[in-house]
Amino acid sequence: MKIAISGKGGVGKTTLAGGLARYFAETGGRVLAIDADPDSNLPSSIGISIEEASKIKPLATLKDLIAERTGAKPGTFGGTFKLNPRVDDIPDEYGLEFKGIKLLTLGTVPKGGTGCLCPESTLLRVLLRHIMLKRGEAVIIDMEAGLEHLARGSTESMDAFIVVVEPGQRAIQTAHQIKRLAADLGVEKIFVVGNKVVDDGDRKLIEDGVAPMQLLGFMEQSEDIREADRKGVSAYDIGGEFKGQIELIAKKLREII
Ligand SMILES: Nc1ncnc2c1ncn2[C@@H]1O[C@H](COP(=O)(O)OP(=O)(O)OP(=O)(O)O)[C@@H](O)[C@H]1O
Ligand SMILES: [Mg+2]
């Protein structure tokens with residue numbers, strides 16, 4: 001199962017990605033969690049301490065690795081480099097192991113629209129394609145907010161997109177935009193998780209608003225989740241209702257995919 005988690009800023013993408021990674025790892029699967037947000041915070045959502053997380057070097061910043069694999073000379077933008085660098089060892093060599101999850105942090109890729117042909121983005125693109133086509137684990141990608149990541153190349157081989165939506169028209173509109181862009185990439189399976197819901201009115205607002213996209217379930221507005229973020233720990237470890245809600249979402253996902 002290879003899923004990308006997307007949605008408007010602050011809706012709960014990272015909270016869901018961390019929860020699902022923990023649940024799939026706990027229930028016996030191997031999980032590759034990919035932090036594709038330059039403003040990386042998936043580690044703490046998974047449960048990795050802030051101190052450990054601060055030691056993670058994002059792949060896009062590993063200049064020696066990028067130079068070695070692509071043949072690009074560091075600092076020489078515009079020079080020639082390999083378009084098909086070797087990447088098969090990267091998940092195991094550079095992934096951080098935590099509770100059955102292998103975490104890869106991508107870091108910031110130089111922007112430049114869909115045609116950006118720099119060594120860093122080439123390496124990451126080839127790596128993601130390798131992971132999608134050749135790796136056997138469940139893959140969960142925590143995306144950055146907005147739509148830029150939907151540019152062709154990084155998420156085209158996903159099985160599904162999960163769009164996180166909070167009760168409000170802006171998050172709902174973003175979900176529809178993501179659905180259209182994902183369809184352009186050939187990804188037809190777009191599911192929605194409603195987050196920060198307080199009551200049945202919120203549930204209905206989301207359900208009606210995102211139709212005909214299929215809902216996987218809801219995460220409720222919760223003091224536990226806020227508390228986890230304040231402490232820099234995973235909501236999954238705090239207990240409360242969150243774990244149960246993640247379990248329902250994950251089971252539904254397994255059923256469908
Ligand atoms: N159900 C919830 N109840 C209460 N707080 C929540 C809930 N879900 C998320 N939050 C809080 O909302 C904030 C944003 O959550 P999160 O980082 O998961 O969103 P995001 O979509 O990944 O954000 P970004 O777009 O910045 O990457 C965090 O402080 C998080 O703790
Ligand atoms: Mg996030």
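**Close-up 1. Lys-99, partly exposed in a loop of this predicted model.** Lys-99 counts as partly exposed because it has 15 C-beta neighbours inside 10 Å, between the limits of 12 or fewer for exposed and 20 or more for buried. Look for Lys-99 in the loop between S3 and strand S4 (101-105). Its backbone is worth a glance too: Lys-99 has a positive phi of about 50°, and it isn't a glycine.

**Close-up 2. Lys-196, another non-glycine residue with positive phi.** Here phi is about 60°, and the residue sits in strand S7. With 22 other C-beta atoms within 10 Å, Lys-196 is buried.

**Close-up 3. The open sheet, strand by strand.** Eight strands make up this sheet, and reading across you meet them as S3-S4-S2-S5-S1-S6-S7-S8, with mixed pairing. The edges belong to strand S3 (96-98) and S8; each has a single partner strand, so one side of each has no neighbour in the sheet. From one strand to the next, the twist averages 25°.

**Close-up 4. Strand S1 and the strands it pairs with.** Six of the six residues of S1 are buried, so the rest of the structure largely encloses this strand. Lys-2, Ala-4 and Ser-6 point one way from S1, while Ile-3, Ile-5 and Gly-7 point the other way. S1 pairs with S5 in the parallel sense over four bridges, and Ile-5 stands opposite Asp-142 in S5. S1 also pairs with S6, again in the parallel sense, over five bridges; Ala-4 has Phe-161 in S6 as its bridge partner.

**Close-up 5. S6, S7 and the helices lying across the sheet strands.** Strand S6 (residues 160-165) pairs with S7 in the parallel sense over five bridges. Pick out Val-163 and you'll find Val-192 in S7 as its bridge partner. Helix H7 (residues 169-184) lies across strand S1 (2-7), S6 and S7, and runs at about 165° to S6. Helix H11 (residues 242-256) lies across S7 and S8, running at about 170° to S8.

**Close-up 6. Helix H6 and what it packs against.** At 1.5 Å a residue, the 16 residues of helix H6 (residues 119-134) should span 22 Å, and the end C-alpha atoms are indeed 22 Å apart. The buried residues of H6 include Leu-123, Leu-124, Val-126, Leu-127 and Leu-128, and Glu-120 and Arg-125 are among them too. The packing partners of these buried residues are strand S2 (31-35), helix H4 (63-70), helix H5 (90-94) and strand S5 (138-142).

**Close-up 7. A cis peptide bond ahead of Pro-212.** The bond from Ala-211 to Pro-212 is cis, with omega near 10°. Pro-212 lies in the loop between helix H8 (200-210) and S8.

**Close-up 8. The shell around ligand 1.** Ligand 1 is surrounded by 19 residues, and the closest are Lys-13, Thr-14, Thr-15, Ala-145 and Asp-229. Helix H1 (13-26), strand S7 (190-197), strand S8 (214-220) and helix H9 (223-231) each bring at least two residues to the shell. By residue type, the shell divides into four nonpolar, nine polar and six charged.

Technical notes:
Residues are numbered from 1 along each chain as its sequence is written. Chains are lettered from A and ligands numbered from 1 in the order in which they are written. This is a predicted model: local features need pLDDT of at least 70, side-chain atom pairs count only at pLDDT 80 or more; totals for chains, interfaces and linings use all residues. A residue is near a molecule or strand if its C-beta atom, placed from the backbone, lies within 6 Å of it. Ala, Val, Leu, Ile, Met, Phe, Trp, Tyr, Cys and Pro count as nonpolar, Asp, Glu, Lys and Arg as charged, and the others, Gly among them, as polar. The expected span of a helix is 1.5 Å times one less than its number of residues. Two residues are in contact if their C-beta atoms, placed from the backbone, lie within 7 Å. Two strands pair if DSSP finds at least two bridges between them. Axes are lines fitted to C-alpha atoms, for helices over the stretch in contact, and angles run from 0 to 180 degrees between N-to-C directions.
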